[in-house]
Amino acid sequence: MTTARTLAPADREGTVAFGEFETWYRITGELSPGGAPLVVLHGGPGCVHDYVLTIADLAQRTGHPVIHYDQLGNGRSTHLPGRGADFWTPELFLAELDSLLAALGVREGYHLLGQSWGGMLGAEHAVRRPTGLRSLTIADSPASMELWVAEANRLRGLLPPEVQATLLAHEADGSYDHPEYQRAMRVFYDRHVCRVVPNPPEVAATFAAIEADPTVYLTMNGPTEFHVIGTLRDWTIIDRLDRIAVPTLVVSGAHDEATEACVRPFVERIPDVRQHVLPDSSHMPHVEERGAFMELVTGFLAEVEGRWVEER
């Protein structure tokens with residue numbers, strides 16, 4: 001079993017074509033005919049796969065291969081810093097996911113696990129009812145950006161007054177890169193994004209990757225988790241959630257920036273759903289309570305696969 005300080009090695013890495021671009025992927029475990037891998041959708045938009053690499057633990061725990069990939073514009077996939085806001089859309093990333101599933105030969109049977117923005121993307125994929133999707137895990141994701149912003153501002157209002165004042169001062173003049181603003185932002189992140197401080201190397205690597213090329217994050221989200229002024233600011237899936245036809249697990253942390261209010265529509269509107277809140281986690285329970293998170297998802301996948309076999 002992978003230890004708490006070890007990341008499972010890849011069994012295969014490569015790229016697949018996505019139009020004129022390339023999507024980089026990583027597989028832990030062996031793909032087999034008739035098997036159903038777990039495809040992991042990272043967050044952001046604009047993060048990279050590194051911070052969700054702990055989820056590769058599930059390959060050994062469950063026997064399902066685990067597929068990570070870097071979404072277009074990020075990590076080892078094609079970077080496109082010159083593209084504008086009209087290019088970076090949920091539809092682009094849905095098309096990329098379809099392309100990856102087809103190229104790897106798994107679109108006839110697969111599970112999805114999306115973290116944060118990845119859960120939003122996974123829900124967008126699931127409402128289309130693709131025939132090969134067997135289950136969906138939504139981890140730490142809001143059902144709408146209106147809920148996300150409202151809850152982020154509520155949590156921000158609980159920060160020390162001097163931290164709030166620093167955030168407001170620098171947001172007023174747009175100096176998001178100022179060290180004072182970055183330190184104030186870190187107070188929020190240490191409470192509600194990842195409570196393992198200092199952050200593990202794979203999490204730190206993801207933050208460094210966003211800093212190195214913030215194109216997607218700044219365009220779709222904005223400068224910080226709680227100052228959302230990007231193209232996703234009006235996104236919602238609430239009125240479409242009843243279209244999700246596969247078993248769904250909703251996971252979050254008790255200290256998560258994706259609060260209970262953010263995830264409640266998933267629980268209330270998806271027909272076949274179960275929910276779990278991890279008590280000692282914020283936005284990264286797969287890091288903060290790694291063992292408990294893996295046990296939870298392992299049990300869910302076993303339940304889904306058991307039902308799937310019975311129905312065949």
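This section describes the pockets, the cavity, one helix and the aromatic pairs of a predicted model.

The largest pocket has a volume of about 670 Å³. Its lining comprises 26 residues, and those nearest the centre of the pocket are Met185, Phe207, Ile210, Tyr217 and Pro223. Three helices each contribute at least two residues to this lining, namely H6 (179-192), H7 (201-212) and H8 (215-220). By class, the lining of the largest pocket consists of 13 nonpolar, eight polar and five charged residues.

The second largest pocket encloses about 240 Å³ of space. A set of 15 residues lines this pocket, with Leu133, Arg134, Pro247, Trp308 and Glu311 lying nearest its centre. Strand S6 (133-139) and helix H11 (290-311) each provide at least two residues of the lining. The largest share, four residues, is supplied by H11. The lining of the second largest pocket contains six nonpolar, three polar and six charged residues.

One cavity of 30 Å³ or more is present in the structure. The space within the largest cavity amounts to about 70 Å³. Residues lining the largest cavity include Gly44, Pro45, Ser116, Trp117 and Met120. Also in this lining are Pro142, Met145, Trp148, Asn221, Glu225 and Leu232. Helix H3 (117-126) and helix H4 (145-156) each furnish at least two of the lining residues. Seven residues of the cavity lining are nonpolar, three are polar and one is charged.

Helix H11, which contributes to the lining of the second largest pocket, was also examined for its length and its surroundings. The helix has 22 residues, and at 1.5 Å a residue these should span 32 Å; the C-alpha atoms at its ends are 32 Å apart, so the expected and computed spans agree. The buried residues of H11 are Arg290, Phe293, Met294, Val297, Thr298, Phe300, Leu301, Val304 and Glu305. Both charged and nonpolar residues occur in this buried set, with Arg290 and Glu305 among the charged ones. Cover for the buried residues of H11 comes from elements that include helix H1 (57-62), helix H10 (285-288) and strand S6. Strands S5 (110-115), S7 (248-253) and S8 (273-278) also take part in this covering.

Seven aromatic pairs were found in a search of the whole structure. In one of these, the ring centres of Phe93 and Trp117 are 5.9 Å apart and the ring planes stand at 80°, so the pair is edge-to-face. This pair connects distant parts of the chain, as Phe93 belongs to helix H2 (residues 90-103) and Trp117 to helix H3, with their positions 24 residues apart in the numbering. Phe93 has a relative accessibility of 0% and therefore counts as buried. Trp117, with a relative accessible area of 2%, is likewise buried. A further edge-to-face pair is formed by Phe188 and Tyr189, with a distance of 6.4 Å from centre to centre and an angle of 65° between the planes. Phe188 and Tyr189 are both buried.

Phe93 and Trp117 also belong to one aromatic cluster, together with Phe21, Phe87 and Trp88. Trp117 thus appears in two of the features described here: this residue is a member of the aromatic cluster and is found in the lining of the largest cavity.

Methods:
Residues numbered from 1 in each chain as written. Predicted model: local features only at pLDDT ≥ 70, side-chain atom pairs only at ≥ 80, totals over all residues. Heavy atoms only, no water. 1 Å grid on protein atoms, 1.4 Å probe; cavity = no way out; pocket = protein on both sides within 12 Å on 5 of 7 lines; lining within 4 Å. Points joined across faces, edges and corners; volume = space filled by probe spheres on them. Expected span 1.5 Å × (residues − 1). Buried < 20%, exposed > 50% of the residue type's maximum accessible area, 1.4 Å probe, protein only. Contact = heavy atoms within 4.5 Å. Phe/Tyr/Trp six-rings, centres within 6.5 Å; stacked < 30°, edge-to-face > 60°.
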